[in-house]
Amino acid sequence: MEITYASPSSLDLLRSSPPAVSGSTMPVRSVKIIPLQHPDTTSYGSPGGFGNSSFSSSSFWSNSLFSGARGKIKRMTFIDWIEMFLPCCRWIRTYRWREYFQVDLMAGTTVGIMLVPQAMSYAKLAGLDPIYGLYSGFVPIFMYAIFGSSRQLAIGPVALVSLLVSNVLGKIADSSDALYTELAILSALMVGILECIMGLLRLGWLIRFISHSVISGFTTASAIVIALSQAKYFLGYEIDRSSEIVPIMKSIIAGADQFSWPPFVMGSTILAIIQTMKFLGKSSKHLKFLRAMGPLTAVVLGTTFVKIYHPPTITLVGDIPQGIPGFSIPKSFQYAKSLIPTAFLITGVAILESVGIAKALAAKNGYELDSNQELFGLGVANIFGSFFSAYPTTGSFSRSAVNHESGAKTGLSGIITGIIMCCALLFLTPLFEYIPQCALAAIVISAVMSLVDYEEAIFLWRVDKKDFLLWTITTATTLFLGIEIGVLVGVGVSLAFVIHESANPHIAVLGRLPGTTVYRNIEQYPEAYTYNGIVIVRIDAPIYFANISYIKDRLREYEVVIDKSAKRGPEVERIYYVILEMAPVTYIDSSAVQALKDLHHEYKSRDIQIAISNPNREVLLTLSKSGVVELIGKEWYFVRVHDAVQVCLQHVQSITESPKASDPSREVKPNFFQRILKQRAEDLFVSELESGNNTNKPLDSTHENPQSEPLLSRRS
């Protein structure tokens with residue numbers, strides 16, 4: 001409920017208004033204005049900072065940055081500390097054996113059956129022997145189950161990381177050399193250390209600057225490169241290893257005379273079977289187990305065919321060592337410097353893939369997940385994995401989805417997956433010797449086909465052409481210039497868009513919605529009307545050195561360019577008042593403060609007054625400390641846009657009125673009926689002025705008061 005009272009700055013308003021003609025009698029009417037409380041910058045120490053309290057900048061920053069953390073630490077119990085360092089304790093403490101064990105067992109077994117052939121396939125993609133894929137799906141899974149905070153995320157080798165490893169290590173050593181394997185294991189250690197550091201320092205927010213369009217374009221291009229790199233197992237001849245599409249295509253075309261039909265037919269058949277099973281698994285709840293069984297079916301069918309017919313033109317996996325990996329410290333640290341860019345790139349992929357899907361799964365299953373703690377868990381898994389001959393691992397989209405759809409409730413499903421991998425290493429490796437290479441290639445191609453996100457491109461074209469351009473640039477540069485350049489260009493263009501948007505913020509001219517005291521963008525609400533002599537501008541961004549020039553240029557334009565919205569109020573020839581709606585402004589720096597001072601002096605030279613509406617506490621404190629509040633005048637700071645408009649309209653009205661002088665000696669005191677008629681005429685005038693119908697009618701001296709309220713009818 002609003003209360004009508006005089007503005008605390010009414011005397012200032014009277015002094016600033018044009019003087020009345022001598023002898024005129026004009027009653028002063030109160031204006032309905034909510035007073036804005038200014039901070040006291042002369043004393044510090046009070047946390048309130050407004051009204052009768054003083055505001056301390058240092059206490060504000062210490063409160064905003066550290067008080068929350070201190071309070072959280074004080075509230076933590078001994079169990080909370082244990083759960084922070086060992087997230088597995090959260091689900092162990094509340095585990096319901098009768099409800100959860102059966103579904104966790106089923107989910108873990110399903111993912112394990114899916115992981116065994118995928119791990120060998122991704123190791124081949126990385127240029128490693130298949131056994132290292134099995135190693136990468138063993139120890140890291142157990143470590144993540146202990147230190148990871150997601151209960152459904154399935155980690156292990158993935159196609160994108162395998163491609164990154166192959167692309168970088170292929171430039172340093174040949175894949176047949178022992179150095180190549182050592183560098184792959186060393187990269188796992190470096191990635192793990194980097195992930196742990198970023199998790200402990202809570203730097204996961206850095207990846208937010210990478211647009212989703214960049215991620216989609218990068219994964220789409222990488223999926224195409226991965227699929228083409230596996231073509232050699234289908235075609236039956238070697239092709240050049242590269243992360244660029246042009247050399248791969250040239251190599252495929254150049255060796256076309258060596259094409260072999262048997263591996264092509266077998267690989268295509270197995271790929272069709274996997275895709276059919278995946279489709280059936282997605283289309284029916286009763287057949288969802290087929291989605292996970294696809295890779296295993298491919299391996300079994302391929303191995304059975306080879307054992308029966310012994311085709312000489314189909315290459316096999318070959319001998320795979322039996323047993324679990326032994327403990328060993330990574331070697332070849334002299335190459336660590338050359339692996340740093342790859343470690344950062346793989347860490348970025350880990351944040352984008354793993355943390356993204358982990359958060360989505362946590363939301364679906366009703367528990368909270370700390371992305372920095374998740375990043376730390378991935379780092380520990382990679383560090384321990386590197387001591388047991390694993391190459392970099394991260395969360396898998398496909399296996400995590402299968403794990404969730406299979407009903408996994410806790411990290412026990414991951415432990416069961418690790419046990420299946422252990423059993424495969426101990427007992428099943430002799431059977432893997434006869435797996436056809438084209439079967440493993442079909443598994444990889446099937447996995448990456450879902451990464452080709454053409455639907456995202458169509459969506460972006462329909463919704464946002466700028467994001468579609470970003471998607472196209474990232475995809476094209478990744479395909480034709482390589483993975484590293486593609487990522488750098490995509491991130492660079494993404495940041496360029498962010499900087500451009502920040503340096504050119506949205507600025508709106510506001511108008512009043514009819515019948516309300518609400519002011520909105522006149523372009524969004526064409527029915528909104530503005531007032532002659534007044535322009536109301538809303539700045540929808542923080543004001544700082546990068547965008548203040550743009551904001552000043554736009555403000556100058558609004559003086560000259562007349563908006564096409566309906567205008568009301570007294571007729572004037574130019575702008576006299578600029579009202580800045582600063583509610584969306586969350587921050588203002590010293591450069592912007594200086595620019596506001598310059599703008600104020602510039603406006604003053606042209607007889608234009610600035611009014612500021614609804615600045616937040618931090619912005620108002622900055623303006624007070626810098627002297628801008630005193631420079632503009634405290635009476636020109638308002639809580640609401642409507643308050644500012646009321647005061648400005650009074651001054652505009654006073655500019656257009658020409659009050660008639662009267663002789664007090666000849667004035668006759670009006671009788672009761674005359675006072676009633678005057679009151680009704682005054683109310684009618686206020687109503688007409690608000691609606692804009694009365695623009696410049698000559699009125700008697702009663703209506704020529706510059707302090708009368710022009711927008712809201714007077715209340716008794």
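Is S166 buried, partly exposed or exposed? The first legend below gives the answer for this predicted model, and the others turn to the sheet and the surface.

**View 1. Surroundings of S166 in helix 8 of the predicted model.** S166 belongs to helix 8, which spans residues 159-169. S166 is buried, because its relative accessible area of 6% falls under the 20% limit for that class. Leaving aside residues up to four places away in sequence, S166 is in contact with L125, A126, Y180 and R241.

**View 2. The open sheet of six strands.** The strands follow one another in the order 4-3-6-8-9-10, and their pairing is mixed. Strand 4 (519-521) and strand 10 (637-638) form the edges, each pairing on one side only. Helix 27, made of residues 641-656, packs on this sheet and touches strand 3, strand 4, strand 6 (534-539), strand 8 (577-581), strand 9 (609-613) and strand 10. The direction of helix 27 makes an angle of about 175 degrees with that of strand 8.

**View 3. The pairing of strand 3 with strand 4.** Strand 3 covers residues 507-512 and runs antiparallel to strand 4, to which three bridges join it. Within this pair, L510 of strand 3 lies opposite N521 of strand 4.

**View 4. Strand 8 and its two partners, strand 6 and strand 9.** Strand 6 and strand 8 run parallel and are joined by five bridges. Here V537 stands opposite L580 of strand 8. Strand 9 also pairs with strand 8 in the parallel sense, again over five bridges. In that pairing, Y577 faces Q609 of strand 9.

**View 5. Side chains of strand 8.** In a regular strand, side chains alternate between the two faces of the sheet. Y577, I579 and E581 point one way from strand 8, whereas V578 and L580 point the other way. Residues of both sets are buried. Strand 8 is largely enclosed by the rest of the structure, because five of its five residues are buried.

**View 6. A nonpolar patch on the surface.** W205, L206, F209, L495, V498 and I499 make up this patch, whose area is about 530 Å². One of these residues, L495, is found in helix 22, which comprises residues 483-503. L495 is classed as partly exposed because its relative accessible area is 31%, a value that lies between the limits of 20% for buried and 50% for exposed residues.

Methods:
Residues numbered from 1 in each chain as written. Predicted model: local features only at pLDDT ≥ 70, side-chain atom pairs only at ≥ 80, totals over all residues. Heavy atoms only, no water. Pairing = 2+ DSSP bridges. Helix = DSSP H or I, 4+ residues; strand = E, 2+ residues; numbered from the N terminus. Contact = heavy atoms within 4.5 Å. Axes fitted to C-alpha atoms, helices over the stretch in contact; angles between N-to-C directions. Patch = residues over 30% accessible without salt bridge, like charges linked within 9 Å, V, L, I, M, F, W, Y side chains within 5 Å. Areas by Shrake-Rupley, 256 points an atom, 1.4 Å probe, with all protein chains shown as cover. Salt bridge = Lys/Arg side-chain N within 4 Å of Asp/Glu carboxyl O. Buried < 20%, exposed > 50% of the residue type's maximum accessible area, 1.4 Å probe, protein only.
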